[in-house]
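Below are some questions and answers for a reader who is new to this structure. Look it over before reading on.

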Amino acid sequence: MREMNRLIRYSFSILSGILLFLAFPFTGNQTYLAFISWIPLLLVQDYISKKKYYSSKVFIHSYLAFLIYNILMILFQYHVKLKMQSIK
């Protein structure tokens with residue numbers, strides 16, 4: 001497997017979070033992204049386990065991916081709330 005430096009691993013984690021966000025129904029029929037979004041995160045996990053790093057690194061990368069996902073979902077819900085208030 002190709003050498004992954006820290007920047008690539010964190011970029012994969014961020015990409016995974018963004019793809020999870022884009023997989024939801026409000027973006028159209030892109031449900032397949034829910035499955036594709038796991039690939040970067042699984043590549044990072046595989047690399048970390050092969051290099052025999054501490055398992056806390058997997059937790060950090062997963063935490064980052066889901067943090068990005070949750071922040072984007074909260075921003076989306078806030079945006080919808082503002083739109084609904086302007087309709088009334």
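Q: Which residues make the nonpolar surface patch of about 690 Å²?
A: The model is a predicted one. Its nonpolar surface patch covers about 690 Å². The residues that make the patch are Tyr10, Phe59, Ile60, Tyr63, Leu67, Ile71 and Leu75.

Q: Which element gives the most to the nonpolar patch?
A: Ile60, one of the patch residues, has its place in helix H4. With 6 residues, the element that gives the most to the patch is H4.

Q: Is Ile60 buried, partly exposed or exposed?
A: Buried would require a relative accessible area under 20%, and exposed one over 50%. The relative accessible area of Ile60 is 40%, so Ile60 is partly exposed.

Q: How far apart in space are the C-alpha atoms of Ser62 and Tyr10?
A: Ser62 belongs to helix H4, which spans residues 56-87. Ser62 is partly exposed, with a relative accessible area of 21%. Along the chain, Ser62 and Tyr10 are 52 residues apart, while the separation of their C-alpha atoms is 9.8 Å.

Q: Why does Ser13 count as buried?
A: Ser13 sits in helix H1, residues 6-22. The cut-off for buried is a relative accessible area under 20%. Ser13 counts as buried because its relative accessibility is 0%.

Q: Which residues does Ser13 touch, not counting residues up to four places away in sequence?
A: Residues up to four places away in sequence are left out here. The residues that Ser13 then touches are Leu41, His61, Leu64 and Ala65.

Q: How far apart in space are Gln45 and Tyr63, C-alpha to C-alpha?
A: Gln45 lies in helix H3, residues 38-50, and counts as partly exposed at 34% relative accessibility. Tyr63 is one of the residues of the nonpolar patch. In sequence, Gln45 and Tyr63 are 18 residues apart; in space, C-alpha to C-alpha, the value is 12 Å.

Q: What is the radius of gyration of the protein, against that of a compact globule of 88 residues?
A: The protein has 4 helices and 0 strands. Its C-alpha atoms fill a box of roughly 55 × 25 × 15 Å along the principal axes. A compact globule of 88 residues would have a radius of gyration near 12 Å, whereas the protein has 16 Å.

Q: What share of the exposed area do carbon and sulfur atoms supply?
A: Buried residues make up 24% of the 88 residues. The protein exposes about 6,500 Å², and the share of this area from carbon and sulfur atoms is 68%.

How values were computed
Residues numbered from 1 in each chain as written. Predicted model: local features only at pLDDT ≥ 70, side-chain atom pairs only at ≥ 80, totals over all residues. Heavy atoms only, no water. Helix = DSSP H or I, 4+ residues; strand = E, 2+ residues; numbered from the N terminus. Buried < 20%, exposed > 50% of the residue type's maximum accessible area, 1.4 Å probe, protein only. Contact = heavy atoms within 4.5 Å. Patch = residues over 30% accessible without salt bridge, like charges linked within 9 Å, V, L, I, M, F, W, Y side chains within 5 Å. Areas by Shrake-Rupley, 256 points an atom, 1.4 Å probe, with all protein chains shown as cover. Salt bridge = Lys/Arg side-chain N within 4 Å of Asp/Glu carboxyl O. Rg over C-alpha atoms; globule rule 2.2 N^0.38 Å.
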